Amino acid sequence: MHVAFALLLVLGMALHTLRATRLVDKRTAELSAALEREKAFQAQAQAANERLARIEKVSAVGQLSSIFAHEMRQPLGAISLYAYGLKKRVAAGRIEPHVFGETLEKLVDQAGRASRIVERVRAYAKSEAGKPEPVDLVQAVERAVSDLKASGRANAAIVFERPSAPTIVVMDALDLELVVLNLLKNALDAVKPFGAAGCVRVHIRTETRAQGARYATIAVEDNGYPLSQAAFESLSDLHPSTKTEGLGLGLAIVRGILERYAGRLAFERRERGGLIATVRLPLASSDANSIEVNEADPSQEKSANGALS
């Protein structure tokens with residue numbers, strides 16, 4: 001009797017050991033399969049990330065190339081124009097020292113501007129932000145209008161309603177210049193078909209919004225053709241533009257620049273045709289070294305109204 005019980009006990013233990021071994025083998029196989037699947041998923045994720053990185057790199061190179069080609073046209077065009085004027089004066093024997101001095105100063109200024117653009121594109125490539133400093137929006141607009149007229153690209157009247165006092169924001173000066181120039185060039189492109197009847201109007205305002213947040217706005221209006229709903233909605237796309245002239249890279253870069261300084265870009269269609277592009281930036285605080293960052297309510301985003309003659 002005892003022998004039979006002992007045999008049954010040994011047999012039970014053997015069966016339990018066999019069952020446990022099979023369960024361990026099964027679990028081990030399942031874990032191995034799970035690890036293989038995990039490795040496969042990781043490989044797929046890595047491959048996908050590498051593809052996205054390549055796409056982003058190509059996109060970034062394209063955008064930087066567009067920035068460089070587009071923005072360098074301005075100072076290089078001005079340099080060419082001033083040099084041509086000096087050459088004509090020399091050929092005609094009209095060598096006035098004061099005229100030469102003023103023109104050479106302009107050439108040096110435009111060459112310096114071209115150098116700053118090169119440095120900024122290099123900084124973009126390295127994902128480096130510009131150096132924020134107090135800048136006057138009024139001076140930025142005046143400089144952009146002057147450069148456009150000097151280069152011969154102001155194909156229509158530009159009316160700038162200057163405020164009575166400086167309007168100071170904290171922003172990299174070249175970044176601000178790029179934003180203003182791009183919006184003005186887009187507006188000039190829009191009114192080009194109208195010839196002398198085309199008009200671009202620029203005005204600067206300050207406003208106090210919710211919770212006392214203070215902002216400066218630059219509104220650029222044009223009296224171009226009415227925009228369809230599809231064309232108006234495309235202004236919000238973050239993809240490069242297909243235009244052969246003008247901004248070339250769309251408004252994605254402009255928005256990216258503004259977002260670094262808590263700024264916003266909004267659009268509104270004019271009733272009689274054309275567009276209003278409005279940039280909103282926080283006003284500089286009282287110490288003029290920091291930005292009053294107050295996120296605006298998206299539901300309140302609306303460009304300033306205005307009328308063109």
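Glu221 is buried, and Arg270 is buried too. These two residues form a salt bridge, and their closest N and O atoms sit 3.4 Å apart. The partners come from distant parts of the chain: Glu221 belongs to strand β5 (residues 214-222), while Arg270 is in the loop between β6 (264-269) and β7 (275-282), 49 residues apart. Keep in mind as you look around that this is a predicted model.

**More salt bridges**

How many salt bridges does a search of the whole structure find? It turns up 12. Here are three of them, including the pair we began with.

| Acidic partner | Basic partner | Closest N and O atoms |
|---|---|---|
| Glu142 | Arg162 | 2.8 Å |
| Glu161 | Arg201 | 3.0 Å |
| Glu221 | Arg270 | 3.4 Å |

Let's take Glu142 and Arg162. Glu142 forms a salt bridge with Arg162. This pair also links distant parts of the chain, with Glu142 in helix α3 (residues 137-150) and Arg162 in the loop between β2 (157-161) and β3 (168-171), 20 residues apart. Is Arg162 buried or exposed? Its relative accessibility is 53%, so Arg162 counts as exposed, because the cut-off for that label is over 50%. Glu142 comes out at 30%, so this residue counts as partly exposed.

Now for Glu161 and Arg201, which form a salt bridge of their own. Glu161 lies in strand β2 and Arg201 in strand β4 (residues 199-208), so the pair ties together parts that are 40 residues apart in sequence. With 28% relative accessibility, Glu161 counts as partly exposed. Arg201, at 12%, counts as buried, because buried means under 20%. There's a third member to meet here: Glu161, Arg201 and Arg205 are linked in a network of salt bridges.

**The sheet**

Several of the strands just named come together in a sheet. In what order do the strands of the open sheet stand? The 5 strands follow the order β2-β4-β5-β7-β6, and their pairing is mixed. β2 and β6 are at the edges and have a single partner strand each, so one side of each is left without a neighbour in the sheet. From one strand to the next, the twist averages 20°.

Why do strands sit side by side like this? Strands of a sheet pair through backbone hydrogen bonds, either parallel or antiparallel. For β2 and β4, the two strands run parallel and are joined by 5 bridges. Find Val159 and you'll see that it stands opposite Arg201 in β4.

Take a look at the two faces of β2 as well. Ile158 and Phe160 make up its covered face, whereas Ala157, Val159 and Glu161 are on the uncovered one.

**Helices across the strands**

Which strands does α4 lie across? This helix lies across β2, β4, β5, β6 and β7, and runs at about 25° to β5. Helix α6 (residues 252-260) lies across β6 and β7, running at about 130° to β6.

You can check the length of α4 yourself. Helix α4 (residues 173-191) has 19 residues, so at 1.5 Å a residue it should span 27 Å, and its end C-alpha atoms are indeed 27 Å apart. If you tried multiplying by 19, note that the expected span uses one less than the number of residues. As for its surroundings, α4 is mostly covered, with 16 of its 19 residues buried.

Finally, zoom in on where α4 starts. There, a side-chain oxygen of Asp172 reaches to within 3.1 Å of the backbone nitrogen of Leu174.

Technical notes:
Residues are numbered from 1 along each chain as its sequence is written. This is a predicted model: local features need pLDDT of at least 70, side-chain atom pairs count only at pLDDT 80 or more; totals for chains, interfaces and linings use all residues. Side-chain values use heavy atoms; hydrogens and water are left out. Helices (H or I, at least four residues) and strands (E, at least two) are DSSP runs, numbered from the N terminus. Buried means under 20% relative accessible area, exposed over 50%, partly exposed in between (1.4 Å probe, protein chains only). A polar contact is a pair of N or O atoms within 3.5 Å; within protein, one must be able to donate a hydrogen and the other to accept it, and residues adjacent in sequence count only if both atoms are side-chain atoms. A salt bridge is a side-chain nitrogen of Lys or Arg within 4 Å of a carboxyl oxygen of Asp or Glu. Two strands pair if DSSP finds at least two bridges between them. Axes are lines fitted to C-alpha atoms, for helices over the stretch in contact, and angles run from 0 to 180 degrees between N-to-C directions. Contact means heavy atoms within 4.5 Å.
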